[in-house]
Amino acid sequence: MIRFDQVTKRFADGTEALKDVSLTIPTGKLTVIIGPSGCGKTTLMKMINHLEVPTSGDVLIDEQSIKDRDEVELRRSIGYVIQRIGLFPHMTIAKNAALVPTLKGWSAEKTKERVSELMNITGLDPETYLHRFPLELSGGQQQRVGVVRALAGDPNIVLMDEPFSALDPISREQLQDELRNLQQRIQKTIVFVTHDMDEALKIADHIIVLRAGKVEQTGSAHDLIHEPANDFVRNFIGQDRINRQRSFGQRKISELSSYYKQAKIGELVVSINSSEDVEKAIALLEQPQTDVLAIYTNEEFVGYIDQTSLLKAVLAKEVGASSYD
Amino acid sequence: MTDFLETIQSRSDLIQQAFFEHIYLSFVALAIGIAIALPLGILIARHRKYAEPVIGVTAVFQTIPSLALFGFLVPLMGIGSNTALIALIIYALLPILRNTYTGLTSVDSSIIEAGRGMGMTRTQILKQIEFPLALPFIMAGIRTATVLTVGIATLATFVGAGGLGDVIYRGLQSYNNSLVLAGALPVALLAISFDLLLKWVEKKATPKGMKTQ
């Protein structure tokens, strides 16, 4: 477990990148740190391998402060994948991938075995690629090597700083899927920084939402979608994504405002607040004593809705039309 | 033409001695120049706030006309090969220093951060990453310095340090065009052949993986 205890980071120019942040990153899970640019997410991550040092507060790995650990030894025990890949262009793939094992003084045999194993897992044929140079590979292949390099020293923790953001959409999707599968096999503690919410929702076990150096919410993708802590989180995830991930019944009636009718159809009217779930509206309309619902927002009448209009709304949502926003 | 060949034959002792003096001056100056400029370049690449003043000072030396620099040194150092060597070293510094600095500072910062993040020490980063990647630049600087030094060493004759300048000067004084040529031609050939040789070395120094760029 990685624990941040009241961590503040102030840079020389006075900007506060992190403000009194306390949080835990669970062992063996893929934790995504997400937030808009400049929110301090990369700073937060770099504190784990001591590339950034807290101005105050402490970072602990398994309850041991990283201040008490040798910097170089600490970094060698933590895998690190960076955004712009950062492979060494003058070294072969074999040498790049074997960097940390070499630094740690592993035997050549053990190193080779480990690298080949990881290359196979990430879908790079060792025979083909080991003797090539990074610039002879595509971006996606290079970042696969970046992942192999990070895992080669058999770290318990792997830090990934927007590792897929520079890749084309197809490679990015592929690598996200592969990372997910890989994580299920190896069960490392992965800390993954991104600004891409789709990526976060897709791969994360655990998400930390940051804004302006403060934690806005932590939880699973499910928690974020169903219980966004505040408007910032809701907007950052995006109503669209929330809807896509949520079943129709869990949406608010107010989201169907374009299907409201102004004329009353039928006799039996029941009132309902527009902040209720669609599910509740359906349940009411199923009852024989209800023909139509009168919808109120803040005590003010806004329109009627009946089974036909609900059905239309469902159909429209199914084909993906989003006329409500 | 026959004059020229005769001159070479009759003055072969002088020309040979001057030739070796010339090579001696150029290479001792270069070796010392590299020994000073290379570590200094690494140092200012580490502490960049000193880079501009240090490079600035060497650049000022560079702008002093070479003959004037020899002139300045004579009252201080007297005449002899040491005076010539100091002047040549001063000229060799700037290209090597500047290229070492540029080479080291132009290494992609993300590559260095990757190295740091994976637990490489500063020395390991310098030896295994920065230096190999900066080597083509450094070699280019040494090449420039070599050509420069071989050329300027011709002036060493004025401080009594010998070299092929001696031959040229004697030829000029005695209106002996053949003798002038017998001194000038080897200097030109030396400069050109070292330039070509070092160009080849520079190419060899480019890390294999970088050539696909």
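Where in chain B does Arg48(B) lie? In this predicted model, Arg48(B) sits in the loop that links helix 2 (12–46) with helix 3 (51–63) of chain B. Setting aside neighbours within four places in sequence, Arg48(B) makes contact with Tyr101(B) and Thr105(B). Its relative accessible area is 47%, so Arg48(B) counts as partly exposed. To get a feeling for distances in this chain, look for Pro186(B) as well: it is 138 residues from Arg48(B) along the chain, and the two C-alpha atoms are separated by 41 Å.

Now let us move to chain A and begin with strand 8. This strand covers residues 189–194, and six of its six residues are buried. If you follow the side chains, Thr189(A), Val191(A) and Val193(A) point one way, while Ile190(A), Phe192(A) and Thr194(A) point the other way. Both sets are buried.

What does strand 8 of chain A pair with? One partner is strand 3 (residues 30–34) of chain A, which runs parallel to strand 8 and is joined to it by five bridges. You can find this pairing by locating Ile33(A), whose bridge partner in strand 8 is Val193(A). Val32(A) offers another place to look, with Phe192(A) as its bridge partner in strand 8. Strand 7 (residues 157–161) of chain A also pairs with strand 8 in the parallel sense, again over five bridges. Here Val158(A) stands opposite Ile190(A) of strand 8. To get from strand 7 to strand 8, the chain passes through helix 8 (residues 169–186) of chain A, and this β-α-β crossover is right-handed.

Strand 3 of chain A deserves a visit of its own. Five of its five residues are buried, so the strand is mostly covered. Leu30(A), Val32(A) and Ile34(A) point one way from it, and Thr31(A) and Ile33(A) point the other way. Strand 3 also runs parallel to strand 9 (residues 206–211) of chain A, and four bridges join these two strands. Among the places to see this is Thr31(A), whose bridge partner in strand 9 is His206(A).

Some of these residues come up again in the nonpolar cores. The largest core has 45 residues, and those touching the most other members are Val32(A), Met119(A), Met160(A), Leu179(A), Phe192(A) and Ile207(A). Helix 7 (residues 139–152) of chain A gives the most to this core, with six residues. Take Ile207(A) as an example: beyond residues up to four places away in sequence, it touches Val32(A), Ile34(A), Ala200(A), Leu201(A), Gln217(A), Thr218(A), Gly219(A), Ala221(A) and Leu224(A). There is also a second, separate core of 42 residues, which includes Ile2(A), Phe4(A), Ile66(A) and Ile157(A).

Next, follow the chain into the loop between strand 3 and helix 1 (41–48) of chain A, where you will find Pro36(A). With a relative accessible area of 28%, Pro36(A) is partly exposed. Leaving out neighbours within four places in sequence, Pro36(A) is in contact with Lys41(A), Leu210(A), Phe232(A) and Phe236(A). Ala17(A) is 19 residues from Pro36(A) in sequence, and their C-alpha atoms are 13 Å apart in space.

Phe232(A) leads on to the rings. The charged end of Arg211(A) sits over the ring of Phe232(A), 4.4 Å from its centre. A similar arrangement can be found at Trp106(A), where the charged end of Lys110(A) sits over the ring, 4.1 Å from its centre.

Rings also pair with one another, and the count over all chains comes to seven aromatic pairs. One of them joins Tyr296(A) and Phe301(A) in an edge-to-face pair, 5.7 Å centre to centre with 70 degrees between the planes. Are these two rings' residues buried or partly exposed? Tyr296(A) has a relative accessible area of 29%, so it is partly exposed. Phe301(A) also counts as partly exposed, because its relative accessibility is 31%. Together with Tyr304(A), Tyr296(A) and Phe301(A) form one aromatic cluster.

Technical notes
Residues are numbered from 1 along each chain as its sequence is written. Chains are lettered from A and ligands numbered from 1 in the order in which they are written. This is a predicted model: local features need pLDDT of at least 70, side-chain atom pairs count only at pLDDT 80 or more; totals for chains, interfaces and linings use all residues. Side-chain values use heavy atoms; hydrogens and water are left out. Buried means under 20% relative accessible area, exposed over 50%, partly exposed in between (1.4 Å probe, protein chains only). Two strands pair if DSSP finds at least two bridges between them. A crossover is right-handed if, with the strands pointing away from the viewer, the path from the first strand over the helix to the second runs clockwise. A nonpolar core is a set of buried Ala, Val, Leu, Ile, Met, Phe, Trp, Tyr and Cys residues joined through side-chain atoms within 4.5 Å. Contact means heavy atoms within 4.5 Å. Rings of Phe, Tyr and Trp (its six-membered ring) pair if their centres lie within 6.5 Å; planes under 30 degrees apart count as stacked, over 60 as edge-to-face and the rest as tilted. A charge sits over a ring if NZ of Lys or CZ of Arg is within 6 Å of the ring centre and within 35 degrees of the ring normal.
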